[in-house]
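Subject: Structure handover

Hi,

Here is the structure I promised to pass on. Have a look at it first, and my notes on what turned up follow below.

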Amino acid sequence: MHKPMAVTWIVDEDRLFADMSGSTDPSDNPCTACGGCCAHFRVSFYCGELSDGLGGMVPVELTSKVNDHLACMKGTESGHGRCVALVGELGRPGIGCRIYARRPSTCREFSPWEADGRPNPVCQQLRHRLRLPSLAPLLPEQVAPLAPA
Ligand code: SF4
């Protein structure tokens with residue numbers, strides 16, 4: 001039996017968020033030795049999440065305007081760029097998000113595992129590009145709670 005992972009699921013209305021802040025040990029929090037997703041996607045989100053908007057928390061100075069409705073994290077504007085909030089060396093222990101508690105909903109929704117506990121295949125691909133091993137499925141007791149109907 002493999003070790004439980006440090007994931008906490010948060011259901012907010014019809015959205016499912018993953019929180020991995022409970023550990024900085026790569027053996028139960030693989031994100032702390034990866035960073036692949038934070039250097040691959042354009043990380044865009046509704047501008048109401050910005051700290052200068054409607055009560056949002058994402059630091060506006062770390063973002064770029066996409067259009068009148070969307071912002072994105074600086075560095076990720078064109079995709080395949082590293083987010084300005086990412087600190088550390090890709091694929092090495094110690095990498096992390098310096099605004100983790102204030103990161104956009106886009107980041108909160110992208111989990112290493114699907115809600116049913118299977119590894120997220122896109123996460124796996126990004127890990128493999130960094131020569132990191134595949135993730136094991138979550139233990140049955142760690143599967144995400146069902147979102148409210
Ligand atoms: S805000 Fe944090 S979690 Fe989101 S892409 Fe940037 S470094 Fe990654």
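Strand β1 (residues 8–12) and β2 (15–19) run antiparallel and are joined by 5 bridges. Keep in mind throughout that this is a predicted model. Within that pair, Val 11 of the one strand faces Leu 16 in β2. The two strands make a hairpin with 2 residues between them, and Glu 13 in the turn has a positive phi of about 55 degrees.

Next, the other sheet to look at. β3, β5 and β4 make up an open sheet of 3 strands, in the order β3-β5-β4, with antiparallel pairing. The edges are β3 and β4, each of which pairs on one side only. From one strand to the next, the twist averages 35 degrees.

If you want to find your way around that sheet, start from β5 (residues 70–73), which pairs with β3 (residues 44–46) over 3 bridges. On that side, Tyr 46 sits opposite Leu 70 in β5. Strand β4 (residues 63–65) is also joined to β5 by 3 bridges, and there Thr 63 has Met 73 as its bridge partner. β4 and β5 form a hairpin too, with 4 residues between them.

Now the pockets. The largest pocket holds about 780 Å³ of space. It is lined by 40 residues, and the closest to its centre are Cys 31, Cys 37, Cys 38, Cys 97 and Tyr 100. Which elements each supply at least two residues of that lining? They are β7 (96–97), α1 (105–109) and α2 (121–129). By class, the lining of the largest pocket comes out as 24 nonpolar, 12 polar and 4 charged residues.

The second largest pocket has a volume of about 250 Å³. Of its 15 lining residues, those closest to the centre are Asp 12, Arg 15, Phe 17, Glu 49 and Ser 105. Here β2 and α1 each supply at least two lining residues, so you will meet the β1–β2 hairpin's second strand again. The class split for this lining is 4 nonpolar, 3 polar and 8 charged.Where does the ligand sit? It sits in the largest pocket. The residues around it are Cys 38, Val 43, Met 73, Cys 83, Ala 85, Leu 86, Cys 97, Ile 99, Arg 103, Pro 104 and Cys 107. A few of these have come up already: Cys 38 and Cys 97 are among the residues closest to the centre of the largest pocket, and Met 73 is the bridge partner of Thr 63. By class, the shell around the ligand has 10 nonpolar residues, no polar ones and 1 charged one.

That's what I have for now. Shout if you'd like to go through any of it together.

Cheers

Key
Residues are numbered from 1 along each chain as its sequence is written. This is a predicted model: local features need pLDDT of at least 70, side-chain atom pairs count only at pLDDT 80 or more; totals for chains, interfaces and linings use all residues. Side-chain values use heavy atoms; hydrogens and water are left out. On a 1 Å grid over the protein atoms alone, a cavity is a set of points where a 1.4 Å probe fits but cannot get out, and a pocket is an open set with protein on both sides within 12 Å along at least five of seven lines; lining residues have an atom within 4 Å of a point. Grid points are joined across faces, edges and corners, and a volume is the space filled by probe spheres set on the points. Ala, Val, Leu, Ile, Met, Phe, Trp, Tyr, Cys and Pro count as nonpolar, Asp, Glu, Lys and Arg as charged, and the others, Gly among them, as polar. A residue is near a molecule or strand if one of its heavy atoms lies within 4 Å of it. A molecule sits in a cavity or pocket if more than half of its atoms lie within 2 Å of its grid points. Two strands pair if DSSP finds at least two bridges between them. Axes are lines fitted to C-alpha atoms, for helices over the stretch in contact, and angles run from 0 to 180 degrees between N-to-C directions.
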